[in-house]
Each structure stands twice: as C-alpha cells, then as structure tokens.
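Me: I am new to this structure and would be grateful for a close look at a single part of it. Please take the first domain, describe how its strands are arranged, and then explain how that domain meets its neighbour.

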Amino acid sequence: MTARAPHRHRGHFLRHALLGAAAFAAMPAMAAPLATVDRNGALVAVEPYAPNIVRITIALDRALADAPPGDGPQAEADSAGWQHRTDAGGDIFSSDAMNVLVRAQPWPGAPTQMQRYFAPSLPPVSIAFTRSDGATIAEMKGWERAPHVVSGERTFRIGASFAVQPDEHYYGLGQNQEGILDLKGRTIDCRHNYDAPAGETVCVPFMVTNKGYGIVWDNPSATIVSPGLNNNTRFQSEVGERVSFFVITGDTTDQLYAGYARLTGVTPLPPKAAFGLIQSKARYETQKELLDVANGYRRRGYPLDVMVLDWFYWTRMGQLDIDRNFFPDPKEMNDQLRAQGMRSIISVWPRFERESRYFDLLAAKGWLLHHEDGSPVDGLPIRSDRAGALLDSTNPKARDWFWERIKENLGSQGFDWYWLDETEPDLVPDGYHYSIGTGDRFHNLYPLLHTSGVAQGSARDRPNLRNLILSRAAYLGSQRTGSLFWSSDIQSTWEALRRQVPAGLGFTASGLAYWSSDTGGWQWPNGPKASRPLLLDPAGATAMGPNYPDYPELFTRWFAYNSFTPTLRIHGQRPGSAAIWEYGTAAEPILAKFLKLRYSLMPYLYSLGYGTYRTGAPFMRALFMDFPNDPHVATIGDQYMFGPAFLVAPVTEQGVTSRKVYLPTGADWYDYWTSKRYPGGLTIDAPAPIDQIPLFVRAGSIVPMGAPIPSTATRQQLETIRVYPGRSASFTLYDDDGTTNDYRTKGGRSTTLTWDDAAGRLTATGALPTGQNAAGLVQVIR
C-alpha cells in the first residue's frame, strides 16, 4: 500500500504548483510521459500505464504537464507496446488496445470582435480515443482553466468536456443517494458531504460507461460532473492548475475494473468473518450488554461473527481510552467473544476535544486541521457541533502517531479491527488548512489517507492478520486499504431503503466492491404511517416505538436485501439490543431464515471475494455489467447480479407481496424458491411474500452451499453443489484459513467446478477445498 516514489512529494507539488518548474527540484526521478506535445502553448502530456490505460495531462507549464498524478493512482507509468508518430492530423499514440490522437490545431489568427468578448483565452485541445480498428471510444473536446481565489489561494477552476455517443449511459462517481443508477443527464456534485439531502454523498471520481471505457478524474477538490447533459459530458473541479485524467478501455466492464485495480491498487480479500453477520448498535453501553447480545445469538443457535463497540465507550472524545466504569475488562470481553468463535470491531474517531489528553500535543505539533494562522479548527458551525478538532491525516507523522495510539490503547485490549468513523471527514475542511494545502484543494482526499495510516500500521505490526476497516467515505484507491464501506447515517424509512439499491450499485460501479447499508437504517425508527395493511404483526417487537408498527416489516425487507450485499451489518439507533429477536415474534423466524441462508452461501460468497482480489471486478453488479447487449438493463437500478449466479430484486415498498422483475436476455432464469424456469427478456410479476425476496438464478450456474455453522471460525463443509442447467459453465471454489495474509503468497485451496450441459455432468479439477468428493454433492435443479 506504499505509494511509488514519484508520488511522495505530490502535496508539495500541488501546494506550490504556480511556482513552476522550481517546485520539482527536490522530486525524485520518475517515468516521463511518452511525449508532451505543444498545441500553440497548451502542453499535452500522453502517459501510458498499460496498453488499455493512458493518462492525459494538459497545462500551460511544462512542470505541471509532466508532473505525476495526485494521490489515488499508484501504478508506474508503462509505455511498453506503445508507439508515437506524427502526421498532418496530429500526434498519434498507438497500442494494440487503443489509439490516442492529439489533433493538430491551426495557428490562431487575430480574434474577431465577437471573439474578443466570448472566445476562451486557452489554446484549444482536442483528443480522440479510438480502438485499434478505428472505432470511436471517446473524445475530449476541450478544456478550461479559469482563475479565482479559494481560501486565500490564487488558483484556477479547471475542467474538460467530452463528446457523447448515441445511447451512452454512465455509472459510478462514488455514492449518490438520490435513487437513480444511470448518471446520464444529471449533474453530480462529486464531493464528500455528510449533509447531502438524500443521504451522504461520497466522491470516487471514476466513471464507467456502457461504451467500453471509463474516466478516472485526477483531482481531489470538489468536482461537478454532468454526464451526457445537453450532449456533453463535463468535469469541472474547484481547485487546480492543470487538467489530468486517465482513460481506461476494455471489451468488457471487468476489463475496466482490472484497469482501475492496476492503476489504483488491488482489493484485498477481507477476513472471512467480514462476510458473516456483523452485529452493532448505536450503542452498547456496557460490557455486560454487549456480551449478553453475543450470548443471545449462541443460545438461540443463530450464526454471528463480529460484535461491534460503537462510539462513546470513551471518557472524552479524543482520549482514545475505554471507560472502565462501564467496560471494566475489555480484554476479558474480547477473550470471551473469541472463545465463542467471534471477533470484535471498535469505533475510533479522528476528533479531539480541547480537554482531552492529546489535544495540546497535537495542536503544538500542528497535527490538526487548522485556520490560516495555525490555530486548530474546533467543531462545526452546523448541527450544533462544537466537539473537537480533526486529526490532520494528510500529515504522515500524524497518521503514524494515530496508529500507535490505537494499537497501544485499544488493540492491546484484544480488539481485532477498527471502525474509522467520520472519514469524509465530518468536520468539513473547506476554508481551512491541512499540512499539504487547503481543505478546498484536497476536499475529497481525507478518507484515503486516514484509512491508509491504519492499514499500513496494521500491515507492519500485524503482518499475518488480515486487515479490516469500516469506513463511510472513500476516494480513488480506497479499496486497497481493506475498507468495508457503508452508506452512512441514513433514515429508517421505506424511502431510504429504496434509495440504497441504486446507491450501492453506483458505488460498486466505481471500482470499490465492499459496500452495504445499516440494516433498518441508522436514525431512530420514525417513519410515516403505513399506507397498506401490515405484513408482519409487530407483537413482541422492542426495537422501535409504538408509533412505527410497520418497522418490523421494513427491517425484515432490509435484512433480506442486505443478506445479498457484500457485507451484512445490523446497526442503528433504536431501543434494546438491535439483535434479530427484537423485531417481534413474527419477524424473528424470517430473519433467522435469511441469516442462515447467508451462511449457507458462505462458500459461494467467499469465492466471489477471492475473485475480486484476483480481478478487481465487483461482485454486487448492476445489470449493465453482465448484459451489455440488452438495452433494457442500461437504466435498471432496483435489481442486480450478486456474483455470476443470482439476480436479486429487493422489495422496497411497504405492504406489497409481489414486484415486477426484468429477466435479462441471453439466459434462462430459475426462481430460487420454486425452481420454475423462465426465458430471458421477460418482465414478470414475481411473488414476494414477506418471507421471500425475489431471487433468480441464471441457467448455467454452479452454486456451492455450505452446512450450518455458528460462525466462520468453524470449518464449513459443503452440503450440496447446486447446478442450474441451461448452458455449460464453470465456477472456481476457493477457501483458506480466513484470517491470515497467506492468500497473497502461498494461496489457499481452490477447485474449478465445470458443468457440461450437453453431457449433464459436473467435474472438478481436484479435491474440493473441504476435502470432500464433488460427485456425491451435486444437486441438479430441474
């Protein structure tokens, strides 16, 4: 996770960009662009990173044009296989995957009277990206660089515009909770914003299209993106001195994600416990309460992997301690969890009250977000928040110090992993200063650097324990820190649930595979009155007030949905323990059913996680990824693929017992619950009783199913290998010890299962990871 050497002085470069070439005198040697061409004063650097990845930088100053990218991308430039030639049309850069034409520009003549007022002062630049056969991929039509002053810094608003292809659609750019997957025709405010009206926004400036390319926008300041609006796609960043972006091409979306992983880093395989149930609440107030919840799962025979200790277990914000009045022996607490096959996560905030023991030290060292005069910024001017200053995690010394305190104060008490809350950060940096520059210039960078400090510390000091971080914000490359992301402090309403499905698909489309939401919502359960008869009797429910009788129904639908997201976590503000038995006697058996189904799919899930580690492709997948030839799926954001086998269609309306489901063309589909087979290309009215989620399996799927286990700490045998006939297929089943980093070097145990549809036979490349014989486990679904 250490950045390559040329990146060590990025902050120095960005802070002093206007000083020109002198700013780079101390920079180490770096790979130069393949060429930097001059277009009447506009310098265009073309820097390949792979045959299908190229970086374009446009500036008026050569030092800016030839400088490395910002934080996020970490790959070395690689021009192997690329060639450069010049003809009358311009400069042409070619590989076996793409061509880049920096078009020639005529020498500018004297401006007309109209142009004196309205023509841009920048020399024009036009760049065409085509496939090796000449087919259009993308076209950059122009760039912009307008001077303005931000937080006292004379800088520029910079941007670029791109042409739009017919029937082009756009996805990604992080997390947006407005409830629409396709970004076409919208204007996206790409910035981390906890207070966004629809729910927290998270900016990961990687946008993919259904036309075989993606754009990585290399600027961490707040950015406005308008994909396909008025036949134009425009990026505009608030702070910068140059335009810098990458174009990644591919014949499939998975090739785009492989390119993103090559450019920004591999997604580690999380510990196996991360795929099980993570039980949390805002908050468990005592050691006894937390252990009682864990014991309650074991006593009832419900599987559980992780218990979470959320905020205010400390004596003061920033003490980084545990209040022994309420948690008298946290080491013993964690030992008891471990003895029952469970792990623990503890929430750690980057905020420090003035009265906390570390505030003065951090202030003296300048390791807090600060005003221009160096004084710490204390609290927010919004939400009546006056509690504490923010750790300046752009400073590597501050990051190292923070990890050491976590390790000594909390890790020593037996906690396995860390929940780094407020990573957007909540204390908005605009108008203030980090060690590397203004908060405006680096608005979106904090979550990457903050989680990187803990990831690097854990890798150094716990080299054989797989890292896991809970984080509610991300940036380019955040996947390499081992972070699991969730959609922040959302409302506990049906409307919020509906918005989660496209929000999650947009996030995973941004190249970060591990996303989920707080099951049941985070805010106190308080929704509008149910408009239809209740599907669940709320009798016995203690997890909400009496004014929300449909909350058990909402929670059950949400739990069913989250059972088919990369991670499954219960969390939120509510009475009681928030455990699955507190939503009523009618809801409990249904919740238990989905929980046990989740664990029976663990061999399938864990194999998907290993596949993401190997390829970079997400396994919670919007339909456009797998069905590029079906135009009907381009804008569908309320159903998705979960790995290669499952099509999931969550129910997000109160009181309904069916929903419309579109079954994509190119495959037949089996109803998981009834095994009824449907041809693709149909929209059906799928049954959705309260104890079912509409769930379909693609014909030609192989689904390994595991035996019941109390947690992933117990070795799981396979119970069946389900085969859904209809086409020949293969599936790689993977397993390992679930906790160490040996998977990176020694590897685990894998077997490729192959279904020959014509012969009606399943074969395996060897013994299963469990040591079982595959032949005796096969169940062909008819």
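Reply: The following account treats domain 1, its strands and its contact with domain 2, in a model that is predicted.

The chain is divided into domain 1, which covers residues 35–249, and domain 2, which covers residues 272–615. The description begins with a sheet and then turns to the interface.

Seven strands make up an open sheet, and their order is β1-β2-β3-β16-β13-β12-β10. Pairing in this sheet is antiparallel. At its edges stand β1, residues 35–39, and β10, residues 170–172, each of which pairs on one side only. From one strand to the next, the twist averages 25 degrees. At the β1 edge, five bridges connect β1 with β2, the strand of residues 42–50, and the two run antiparallel. Within this pairing, Asp38 is opposite Leu43 of β2.

A helix also belongs to this picture. Helix α4, formed by residues 253–264, packs on the sheet. The strands that α4 touches are β2, β3 (53–59), β12 (206–209), β13 (213–217) and β16 (243–249). The direction of α4 makes about 135 degrees with that of β16.

Another run of strands, β7 to β9, is linked by two hairpins. Strand β7, residues 127–130, is joined by four bridges to β8, residues 136–150, and these strands run antiparallel. Here Thr130 stands opposite Thr136 in β8. The hairpin of β7 and β8 has five residues between the strands, and Gly134 in this hairpin takes a positive phi near 95 degrees. Strand β8 then pairs with β9 in the antiparallel sense over ten bridges. Val150 has Glu153 of β9 as its bridge partner. The hairpin of β8 and β9 has two residues between the strands, and Ser151 in the turn has a positive phi of about 50 degrees.

The backbone beyond β9 has a further point for inspection. Asp167 is located in the loop between β9 and β10. Although Asp167 is not a glycine, its phi is positive, at about 60 degrees. Most residues other than glycine have a negative phi.

How does domain 1 meet domain 2? The C-alpha centres of the two domains lie 35 Å apart. Their contact takes 41 residues from domain 1 and 41 residues from domain 2. The area buried between domain 1 and domain 2 is about 3200 Å², and carbon and sulfur atoms give 54% of this area. On the side of domain 1, His192, Tyr194 and Pro220 supply 21% of the area that it buries against domain 2, more than any other three residues.

Polar groups also take part in the interface. Between domain 1 and domain 2 there are 24 residue pairs in polar contact, counted where both residues have pLDDT 80 or more. Four salt bridges are found across the interface of the two domains. The strands β9 (153–162), β10, β12, β13 and β15 (233–240) each supply at least two residues of the side of domain 1 that touches domain 2. Several names from the earlier paragraphs return in this list: β10, β12 and β13 belong to the seven-stranded order, and β9 is the strand that pairs with β8.

One salt bridge can be followed in detail. The side chains of Glu241 and Arg441 meet with a distance of 3.0 Å from N to O. Glu241 lies in the loop between β15 and β16, whereas Arg441 lies in the loop between β24 (437–438) and α9 (446–461), so the pair ties together parts that are 200 residues apart in sequence.

On the other side of the contact, two peptide bonds within the bounds of domain 2 may be inspected as well. A cis peptide bond joins Ala282 and Arg283, with omega about 10 degrees. Arg283 is in the loop between β17 (277–279) and α5 (287–300). The peptide bond from Glu424 to Pro425 is also cis, and its omega is near -15 degrees. Pro425 has its place in the loop between β22 (417–420) and β23 (433–434). Most peptide bonds are trans.

Note on methods
Residues numbered from 1 in each chain as written. Predicted model: local features only at pLDDT ≥ 70, side-chain atom pairs only at ≥ 80, totals over all residues. Heavy atoms only, no water. Pairing = 2+ DSSP bridges. Axes fitted to C-alpha atoms, helices over the stretch in contact; angles between N-to-C directions. Contact = heavy atoms within 4.5 Å. Domains from an automatic or database assignment. Buried area = accessible area lost by both parts, 1.4 Å probe. Polar contact = N/O pair within 3.5 Å; in protein donor to acceptor, adjacent residues only side chain to side chain.
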